[in-house]
Amino acid sequence: MRVSRRILLGQVGVAGLFGLTGCGPSGEKQTRGAAGGGVNGGTLIVGQTGEPLALSSAGSIDGAASTVSVKIFDGLFTTDFKGKLVPKLALSAELSPDGLVTHIKLRPDVKWHDGVAFTSADVAYSLGEIWRVYHPRSQTALANLQRIETPTPLDVVLHFSQPVPYIFATLADGSSQVVPRHLYEGKDVLTNPHNVNPVGTGPFQFESWTRGQHLVLKRNPNYWDGPRPYLDKVIFRFIAAGAATVAALESGAIHYSSGGVPLSDIDRLRQNPDLWVETEGEGYSANFSGFGFNLNNPTLQDRRVRHAFAHAINKDFLFRNIWLNSGEIADSPIPPSSEWHAPNLPQYDYDLKKAEALLEAAGLRRNENGVRLTLRNELMPPSALYPRVAQYIRQDLARIGIDLKLRSEALSGYLNRKFTTRDWDTDTYGTGSDFDPAIGIQRFYWSKSIKPGIPFTNPTHYASPEVDRLLEAAQVEINYEKRKDLYRQVQTVIQTDLPLIPIIFPHSHR
């Protein structure tokens with residue numbers, strides 16, 4: 001959910017408000033920006049449900065971190081809402097006819113927040129030593145990167161062993177952020193103190209972080225895209241989702257909320273003349289919610305058991321009563337409205353008799369208490385939505401003799417349990433599918449994405465030689481129609497194997 005104070009939007013609009021444009025909601029004297037696109041001065045207070053683990057997204061796709069880090073760090077490119085490439089630190093990128101070489105021209109006269117010049121050495125280091133090694137999406141995207149050349153301080157040349165048709169999507173990914181080589185090289189990337197005291201090239205500089213309360217960014221006076229940013233400061237207040245966020249919006253204690261407003265409050269908030277709510281579809285980068293299995297658990301390795309879960313989860317009920325008909329019911333990790341989506345996928349209708357029969361066939365009999373199987377379910381923090389979803393799913397599964405024990409903990413513990421110790425059975429989660437399957441869904445299903453300790457990469461430990469073959473063929477296929485066909489074949493296989501049960505692609509409200 002994204003809800004904003006109307007006074008802000010009346011001056012700058014949603015995109016300007018949460019991007020580089022801003023205004024002073026607290027009553028300061030304000031003047032129009034020199035470019036006429038914004039208002040100089042003021043502080044924007046953002047309500048955020050999750051506290052980041054770190055403030056750089058170059059090696060992670062933690063949602064709480066990326067909300068903050070995109071204000072501190074720039075990427076090489078971004079995209080507009082139609083997916084068109086927009087220059088940032090790079091001015092242009094050119095792909096050779098054979099798809100094996102990408103030449104990137106960088107923007108001159110860009111400085112890091114500490115005054116050091118930004119150069120091609122920073123890009124080469126970020127690409128080769130961080131994105132390719134630690135980033136869940138870029139591990140796939142850069143798997144065929146052979147070498148990086150930096151012939152001048154403003155030129156980067158990438159050489160690939162095979163074509164990478166989605167390289168521009170990778171370079172424009174919001175979490176593909178360039179970090180300063182002079183502050184990272186020779187140090188452990190994951191424990192570098194600049195992960196929590198960052199130095200970027202972006203529109204805002206890090207000022208302070210009061211753990212558990214708020215984080216403050218201040219205007220970068222030397223930003224390359226001056227006179228932006230127009231705001232003096234952005235404060236991120238960490239607020240539990242739900243009633244506390246709604247109260248903060250209504251009182252003016254925060255001016256903007258990203259993900260913290262319950263769907264049940266949206267219609268009421270629309271009636272408030274001081275608030276602004278926008279609703280939009282998933283766009284080019286869709287979020288989806290689902291139910292996942294740890295395939296290291298021998299019982300869950302039986303496909304019949306996973307199919308039984310799918311028949312027992314009432315997606316229609318969840319869609320109507322949790323998401324209040326806002327979004328699209330999912331039958332794949334790719335949304336139905338996407339051109340990548342496959343037709344005629346396996347369907348799992350809500351049918352408790354089918355579910356029971358599958359569990360019986362798998363040898364799971366009810367005990368004297370009527371329980372066939374007891375499993376734990378991890379709730380992805382910090383959202384208040386997933387506990388509600390899991391509680392309904394728990395009731396559904398109880399009808400077929402599955403006893404689901406819900407477990408909730410802080411994000412750091414959740415990620416450690418899920419991706420390092422593997423101490424989990426099932427989970428209720430949300431994630432992003434992105435606008436190209438190679439950097440979106442591939443990391444969930446490619447066996448080579450299984451890397452202990454690296455979050456958001458193949459959490460189920462699903463491994464299928466057929467899916468690996470199809471994904472790897474799609475990675476290098478430059479014919480667009482053939483790529484689409486390969487990804488449609490992938491969806492057929494994974495929706496048959498069902499390591500993850502997609503539930504819904506929710507719409508966004510802001």
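1. Helix 16 and helix 17 are roughly antiparallel to each other, because their axes cross at roughly 160°, and angles over 145 degrees count as roughly antiparallel. The two axes come within 9 Å. The crossing of this helix pair is left-handed. Helix 16 covers residues 465-476, and helix 17 covers residues 480-497. The model under discussion is predicted, and the points below should be read accordingly.

2. Helix 17 leads into a loop that merits a check of its backbone. Leu498 lies in the loop between helix 17 and strand 22, the latter spanning residues 500-506. Phi of Leu498 is positive, at about 60°, although the residue is not a glycine. Leu498 has a relative accessibility of 1% and therefore counts as buried, the limit for that class being under 20%.

3. A second positive phi is found at Arg422, again in a residue other than glycine, with a value near 65°. Arg422 belongs to the loop between helix 14 (411-421) and strand 21 (426-432). With 15% relative accessibility, Arg422 also counts as buried. As background to both cases, most residues other than glycine have a negative phi.

4. Two cis peptide bonds should be noted. One runs from Gly226 to Pro227, with omega near 10°; another runs from Arg228 to Pro229, with omega near -5°. Pro227 lies in the loop between strand 12 (214-219) and strand 13 (233-238), and Pro229 is likewise found in the loop between strand 12 and strand 13. In general, most peptide bonds are trans.

5. The structure holds 14 aromatic pairs. One of them joins Phe288 and Phe444, whose ring centres are 6.5 Å apart and whose planes stand at 90°, so the pair is edge-to-face. Phe288 is in strand 17 (residues 287-293) and Phe444 in helix 15 (residues 442-445), so that this contact links distant parts of the chain, 156 residues apart. Both Phe288 and Phe444 are buried.

6. Phe288 also pairs with Phe505. Here the ring centres are 5.5 Å apart and the planes lie at 45°, so the pair is classed as tilted. Since Phe288 lies in strand 17 and Phe505 in strand 22, the pair ties together parts that are 217 residues apart in sequence. Phe505, like Phe288, is buried. Ring pairs link Phe288, Phe444 and Phe505 into a cluster that also includes Tyr429, Tyr445 and Tyr462.

7. Where do charged side chains sit over aromatic rings? The charged end of Arg211 is placed over the ring of Trp209, 3.6 Å from its centre. Lys418 lies over the face of Trp424, at 5.6 Å from the ring centre.

8. The largest nonpolar core has 122 residues. Which residues have the most contacts inside it? They are Leu76, Leu215, Phe291, Phe309, Ile393, Leu397 and Tyr445. Helix 4 (residues 120-134) gives the most to this core, contributing six residues. In soluble globular proteins, nonpolar side chains tend to be buried together. Tyr445 also appears in the aromatic cluster described above.

9. Two helices may be examined for their burial. Helix 10 (residues 303-312) is largely enclosed by the rest of the structure, because eight of its 10 residues are buried. These buried residues are Val305, Arg306, His307, Ala308, Phe309, Ala310, His311 and Ala312. Phe309 is also listed among the residues with the most contacts in the largest nonpolar core.

10. Helix 3 (residues 63-72) is mostly covered, with seven of its 10 residues buried. The buried positions are Ala64, Ala65, Thr67, Val68, Ser69, Lys71 and Ile72.

11. Is Pro151 buried or exposed? Pro151 is exposed, because its relative accessible area is 57% and the class begins over 50%. Pro151 has its place in strand 9 (residues 145-152). The C-alpha atoms of Pro151 and Ala121 are separated by 10.0 Å, the two residues being 30 residues apart along the chain.

Conventions: Residues numbered from 1 in each chain as written. Predicted model: local features only at pLDDT ≥ 70, side-chain atom pairs only at ≥ 80, totals over all residues. Heavy atoms only, no water. Helix = DSSP H or I, 4+ residues; strand = E, 2+ residues; numbered from the N terminus. Buried < 20%, exposed > 50% of the residue type's maximum accessible area, 1.4 Å probe, protein only. Phe/Tyr/Trp six-rings, centres within 6.5 Å; stacked < 30°, edge-to-face > 60°. Lys NZ or Arg CZ within 6 Å of the ring centre and 35° of its normal. Core = buried A, V, L, I, M, F, W, Y, C linked by side-chain atoms within 4.5 Å. Axes fitted to C-alpha atoms, helices over the stretch in contact; angles between N-to-C directions. Parallel < 35°, antiparallel > 145°, perpendicular 65-115°, else oblique. Left-handed = near helix turned anticlockwise from the far one by under 90°.
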